Amino acid sequence: MPYRLFLLAALLGAAQGIAADFPCTLATYRIAKVNQLALLCQEGLAELKATAQLLPVQNGSVSGPKITSAALTIQDFNWIVADFEKPLQGGQDYELLLSGQFRSVKPAAELAKFETRFRFTTKPGATLAIPLNTSGTSLFYGSSLAVGSAIELAPLPKDSRLTIEAEDGPGLYVPHQPSVRMDRGEGGFDKIGTAMLTFDPGDAPRRLNARFRSSSLLDIFKQPVPLKSAKRLALPSAPKSKDDAFYFAKILHQVGANSRPAWILDAKLAPSFTLRHLANWQFRPSAESDIGQGGAIGKTKTNDYIKFGLGIGRFIRTTRLGPVQGIDPTLGAAYETNYSGAKRNLLAVLDFRLFLAGSDQSRKQRNFIRFIQQRDCKPLPEGTTLADCQKNAPVEPQDATQVRFGYQFRVSGGAELGRQISDIVAKASEGNASATVPAYAIARIRPKLELDLEFPRLTFTLSGTPRYLATVENVYRERDVVDTDGKPAKAVFLEQVSGWRPSGEVAVNIPLDDAGRFAVTSTLKLGSLPPNFQRVAIVQTGVTLKF
């Protein structure tokens, strides 16, 4: 009997020495001071009697003995706080060894031993989030960005403003200076490392779901804080159209009624350069073409358009124009010609695009809005508590439920004033026939409407340009004739065009990558384009690249 009692006592003593499972899922942390670390325990603890040891980590492994230690306390209901005897160092990885006793919030819970480890870093980093605002029947992004960092941010010098750069195009960063409101821990550990950036109406970025960078935002370790938006903002995607793109190329093969097959190049090269000393206006050179193999003369009926331009412009955020939330004008000059160089038009050009509320309901944008709503639990799903919703909230955009349909429409336009700079001689594609095209004045207005219908692996694009010619323009045509010897020949004759000269496209795009920068495209083109306004009704199929 004494032997059995001794064995039972030994087993009970061994059981008391076994560490219990720690109920906290440790993932979120905040560094409020250089010697303080706070860990979020969503499950909550009723009591904690424990200490922590800080260990260095290099290349994924603990690399040395204990650096310092700290007593652990519970603050703000569910934050486990360690106040270290020595300060942390910036740019380092650490492992925290927590051990001691805890009592959970469960009824009749008793103190239990535990030991667990948690790794964290003092390397700088921040994520961006966009507050979701509702205006009328449309969802749009205001001129604010929320910054979130695990490390407390350093206050800005008095009377200074943060400089943040937004990527308006591939590699094109435009500086802005928003006002900054830092919470600096007011409201608990949840507010550590948070700030709200508010842009002035005239200084707002073109897109708040662009990439951002800043060298003047520092944390309490005096480290520049990179703004890593890829985890929080919409994934980058390709521009939807040639007008939106900085770099665009379609290599196509064409067939059409009464037209021989031909290879087509529909391309655009339009880098932008920010003029920082000129209120961030941009210098915008461009080169565009929509030409066919051999030009549009003869039996090849295709658009025949080449244009080189220089301009200056910038995106202007608007606040008092109702549904018009932004305007992007470009004012410049252009030289317009065709494949054979038989057109020589010099133009003053005004282009603009209107950014309208509710016009961007693309899958990318709708998925991003859904991600924000599900991440913030607004609105709260029926039959779900806020705690359960936050526990299951998506961490990254791709974790949210995805929409399967989206649309986007764009409104743009422009005006062109100028003239053909001299008389020209247009030659036939075969033989020696030619005709002189007299110089003429040019005055055109060209509104443009575009609509994209998006599905998971397919996009339909419809566009129309009801161009109006306010002056009479001289153009040339070619036709088959019989010469005086009874042999087939080519003749060139003049025409005059004016009034409405519309053109339009219907395109089907099958993207080959997630961003849609590469796609297989089939396009129906109708109508006519300057400078020779050759009417076409053709189908072109090939590949598209756009950035």
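Biologist: Why is F455 called partly exposed?

Modeller: This is a predicted model, mind you. F455 has a relative accessible area of 36%; partly exposed covers the range between 20% and 50%, so F455 is partly exposed.

Biologist: And what makes F405 partly exposed?

Modeller: Its relative accessible area is 34%, and the label runs from 20% to 50%, so F405 gets that label.

Biologist: How many aromatic pairs does the rule give?

Modeller: The count comes to 14 aromatic pairs.

Biologist: Take W79 and F189: why is that pair called tilted?

Modeller: The ring centres are 5.5 Å apart and the planes sit at 40°. Pairing needs centres within 6.5 Å, and tilted means neither under 30 degrees nor over 60, so the pair is tilted.

Biologist: What does the W79 and F189 pair tie together?

Modeller: Parts that are 110 residues apart in sequence, because W79 lies in strand β6 and F189 in the loop between β15 and β16.

Biologist: How do you know whether W79 is buried or exposed?

Modeller: W79 has a relative accessible area of 2%, and buried means under 20%, so W79 is buried. F189, at 8%, is buried too.

Biologist: Back to F405 and F455: what makes their pair tilted?

Modeller: Centre to centre they are 5.3 Å apart, with 50° between the planes. Since stacked needs under 30 degrees and edge-to-face over 60, the pair is tilted.

Biologist: Where do F405 and F455 lie?

Modeller: F405 is in the loop between α3 and β28, and F455 is in strand β32, 50 residues apart.

Notes: Residues numbered from 1 in each chain as written. Predicted model: local features only at pLDDT ≥ 70, side-chain atom pairs only at ≥ 80, totals over all residues. Heavy atoms only, no water. Phe/Tyr/Trp six-rings, centres within 6.5 Å; stacked < 30°, edge-to-face > 60°. Helix = DSSP H or I, 4+ residues; strand = E, 2+ residues; numbered from the N terminus. Buried < 20%, exposed > 50% of the residue type's maximum accessible area, 1.4 Å probe, protein only.
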